[in-house]
Amino acid sequence: MVHRARASHIASALSIVDILAVLYGRVMNISPSLIKSETRDRFILSKGHACVALYSTLAEMNIIAKTELETYGEDFSWLMNHVSHKVPGVEFSTGALGHGLPFGVGKSLAAKASNEIWRVFVLLSDGEMDEGSNWEGFMFAAHHRLDNLTAILDYNKLQSLDTISNTLGLEPLRAKLESFGWHVKEVDGHNHDELFEALTSKSADKPLFIIAHTLKGKGVSFMENKVEWHYKNPNDEQLALALAELGEENA
């Protein structure tokens, strides 16, 4: 999809595919028949630039047709280069960072106020943790005891043009989040069993934050942990190499 569209953010998408696989395959109450149901769980991809991972997941879930993926990034396609709510199964358009969590907090509060049992899951990038709107959201969610809210951090430790530590350090991250009143778990963001265990845990009266340690460009050796692949797109030769490394039937 990224190669065809000459687009960016393939490494950011590869960073989160395991998280999405566990969420959609094992955790969330979501299916093609539920995408408009009030009982569905809500997922918000706050790092909207990694949209190809979500679009592909929706196709694997048969929520959108796989043939739609061929239109990604084309003029007038609803599969835009940042995730769009026009796509069935997408709750919220994102791209400007720092918006997904506040939206998710509002949804969680609405569920509580309506005595609904559906849950909200928000996937954030580590770079967008620099946004003050997120920290306001952390305070608000803890204050209102939103234990139906789970935030997952794609902690690949790279953002845009440099490392997290060189741009604006987040550590000690776990201690900060716990001091804000959240229940915090740390996992290998590519280990499905660890992700499942964390995503299905909860603490009464506290929102859940999962720090998922990931590798940007996971699965493609020349992309892994390379900051330039935040924006680069693969040429024909690189695409062939990447598909071979991933296993073409799974790529």
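Biologist: What makes the link between asparagine 235 and glutamate 237 at the start of helix α10 (residues 236-246) a polar contact?

Modeller: A side-chain oxygen of asparagine 235 comes to within 3.1 Å of the backbone nitrogen of glutamate 237. A polar contact is a pair of N or O atoms within 3.5 Å; within protein, one must be able to donate a hydrogen and the other to accept it, and residues adjacent in sequence count only if both atoms are side-chain atoms. Just after α10, glycine 247 has a positive phi of about 90°. This is a predicted model, in which local features need pLDDT of at least 70 and side-chain atom pairs count only at pLDDT 80 or more, while totals for chains, interfaces and linings use all residues. Residues are numbered from 1 along each chain as its sequence is written, and side-chain values use heavy atoms, with hydrogens and water left out.

Biologist: Why is serine 15 called buried?

Modeller: Buried means under 20% relative accessible area (1.4 Å probe, protein chains only); serine 15 has 0% relative accessibility and therefore counts as buried. Serine 15 is placed in the loop between α2 (10-14) and α3. Its side chain makes a polar contact of 3.2 Å with the side chain of asparagine 156.

Biologist: Which residues does serine 15 touch, not counting those up to four places away in sequence?

Modeller: With contact meaning heavy atoms within 4.5 Å, they are Asp154, Asn156, His190, Thr214, Leu215, Lys216 and Gly217.

Biologist: How is the packing of helix α3 (residues 17-27) and helix α4 (residues 51-60) described?

Modeller: Two packed helices are described by the angle between their axes and the distance between the axes. For α3 and α4 the angle is about 35° and the axes are 10 Å apart. Axes are lines fitted to C-alpha atoms, for helices over the stretch in contact, and angles run from 0 to 180 degrees between N-to-C directions. Val17, Leu20 and Tyr24 of α3 meet Ala53, Leu54, Thr57 and Leu58 of α4.

Biologist: Why do β1 (42-45) and β6 (183-188) count as edges of the sheet?

Modeller: The open sheet has five strands in the order β1-β2-β3-β7-β6, with parallel pairing. Each of β1 and β6 has a single partner strand, so one side of each lacks a neighbour in the sheet. The twist from one strand to the next averages 20°.

Biologist: How do you know that β6 pairs with strand β7 (residues 208-213)?

Modeller: Two strands pair if DSSP finds at least two bridges between them. Six bridges join β6 to β7, and the two run parallel. Valine 187 stands opposite alanine 212 in β7.

Methods
Helix = DSSP H or I, 4+ residues; strand = E, 2+ residues; numbered from the N terminus. Buried < 20%, exposed > 50% of the residue type's maximum accessible area, 1.4 Å probe, protein only.
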